Amino acid sequence: MKKIALILGGGSGKRAGGPTPKQFQRIARKPLLYWCMKAFKDTDPDTDIWLVLPRDHMDDWMHMITSPSMTNTFAHRFVEGGMTRAESVRAGLTGIAAALREQGVDPAEALIMVHDAARPLLEPEMVRRGLAAVERGAIAVPALHCVNSLRELWGYDDHDLTRAGSKSVDRSRYVEVQTPQIAYFNDLRAAYAVARDLTRFTDDASLMEGAGMKVNLYHGSPENIKVTHPIDFEIAKTVLKARKM
């Protein structure tokens, strides 16, 4: 199977702060995008890397990867992202499909690993677990058991928790979902082709599930955090330091 990593870096990353989107900000002297690419290349050097980037920052990325500090970056292609995560994935699928045709590769013989650029602490062992899990269904999704107590909300208006009603729920019945979500390329493309309202789906698993396809879970990692707020950069730096990166 040909392996393709589609790394989604199309967001603005405003909650993370800083002058540039978080996917371009550096930890351990490298941007978040670099660490994502490294995880997939360390898993399999033959993996093709595709990045989805915001149009306004494509030139910034080109300047960054040609700087002296990025001389050992990985070969990759990139496409312009959409307004939403789902639109960005679909844009990536379109670009990859065209590239596979150029290479004479049968899309039925390709696996795609969709990963959020905001998760730079991905490790090869986790990717391998996902590759094994996708053999049992259409898409493999990393998940973690919830360690915090959960409450279900209603009347949730404009992110103001003080106005929401709530009730306790059994956390043992829920898991937190991560990326990479790994699927057979043709299955993921087919699910996007039949989806009528992409705004309904927050990830690829929910979209493929909506198309009647089987979702398999695999064990995620508590280190595979999503960098969202400024404090998350400090956590990520600490983890990379512990790994001697």
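## A nonpolar patch around Tyr156

Let's start with Tyr156, which sits in the loop between β8 (150-154) and β9 (165-169). The model you are looking at is predicted. In it, Tyr156 has a relative accessibility of 43% and therefore counts as partly exposed. Its company on the surface is Leu153 and Leu161: together with Tyr156 they form a nonpolar patch with about 300 Å² of accessible area.

## Ser67 and its backbone partner

Another loop worth a visit runs between α2 (58-65) and β5 (77-80), and Ser67 is found there. Is Ser67 buried or exposed? Its relative accessible area is 15%, and because the cut-off for buried is under 20%, Ser67 is buried. A polar atom of the Ser67 side chain lies 2.6 Å from the backbone oxygen of Met64.

## Strand β11 and its two partners

Strand β11 (residues 181-184) pairs with β6 (residues 110-116) in the antiparallel sense, and four bridges join the two. If you want a residue pair to look for, take Leu111, whose bridge partner in β11 is Tyr184.

Strand β7 (residues 139-145) also pairs with β11, again in the antiparallel sense, over two bridges. Here Ile139 has Ala183 of β11 as its bridge partner.

## The largest nonpolar core

The largest nonpolar core holds 40 residues. Which of them touch the most other members? They are Ile7, Leu33, Phe40, Leu51 and Trp61. Two or more residues come from each of β1 (2-8), α1 (32-43), β4 (48-53), α2, β6, α4 (124-133) and α7 (230-242). Helix α1 gives the largest share of this core, with eight residues.

Some of these elements appear elsewhere in this report: β6 is a partner of β11, and α4 carries a salt bridge described below.

## Salt bridges

Side chains of opposite charge can pair when their charged atoms come close. The model has twelve salt bridges, and a few of them make good stops on a tour.

Arg55 and Glu80 form one of them, with their closest N and O atoms 3.1 Å apart. This pair links distant parts of the chain, since Arg55 is in the loop between β4 and α2 while Glu80 is in strand β5, 25 residues apart. Arg55 counts as exposed because its relative accessibility is 58%, whereas Glu80, at 35%, counts as partly exposed.

A second salt bridge stays within one helix. The side chains of Arg128 and Glu125 meet at 3.6 Å, N to O, and both residues lie in α4, three residues apart, or about one turn of the helix. Arg128 is partly exposed, with a relative accessible area of 39%, and Glu125 is partly exposed at 45%.

A third joins Arg243 and Glu223, whose closest N and O atoms are 2.7 Å apart. Why does this pair tie together parts that are 20 residues apart in sequence? Arg243 lies in the segment after α7, and Glu223 lies in the loop between β12 (215-219) and α7, so the salt bridge connects these two places. Glu223 counts as partly exposed, at 35% relative accessibility.

Finally, take a look at Arg85, Asp116 and Asp204: salt bridges that share partners join these residues into one network.

Key:
Residues are numbered from 1 along each chain as its sequence is written. This is a predicted model: local features need pLDDT of at least 70, side-chain atom pairs count only at pLDDT 80 or more; totals for chains, interfaces and linings use all residues. Side-chain values use heavy atoms; hydrogens and water are left out. Patches are made of residues with over 30% relative accessible area and no salt bridge: like charges are joined within 9 Å, nonpolar side chains (Val, Leu, Ile, Met, Phe, Trp, Tyr) within 5 Å. Accessible areas come from the Shrake-Rupley method with a 1.4 Å probe; for residues, only the protein chains shown count as cover. A salt bridge is a side-chain nitrogen of Lys or Arg within 4 Å of a carboxyl oxygen of Asp or Glu. Buried means under 20% relative accessible area, exposed over 50%, partly exposed in between (1.4 Å probe, protein chains only). A polar contact is a pair of N or O atoms within 3.5 Å; within protein, one must be able to donate a hydrogen and the other to accept it, and residues adjacent in sequence count only if both atoms are side-chain atoms. Two strands pair if DSSP finds at least two bridges between them. A nonpolar core is a set of buried Ala, Val, Leu, Ile, Met, Phe, Trp, Tyr and Cys residues joined through side-chain atoms within 4.5 Å.
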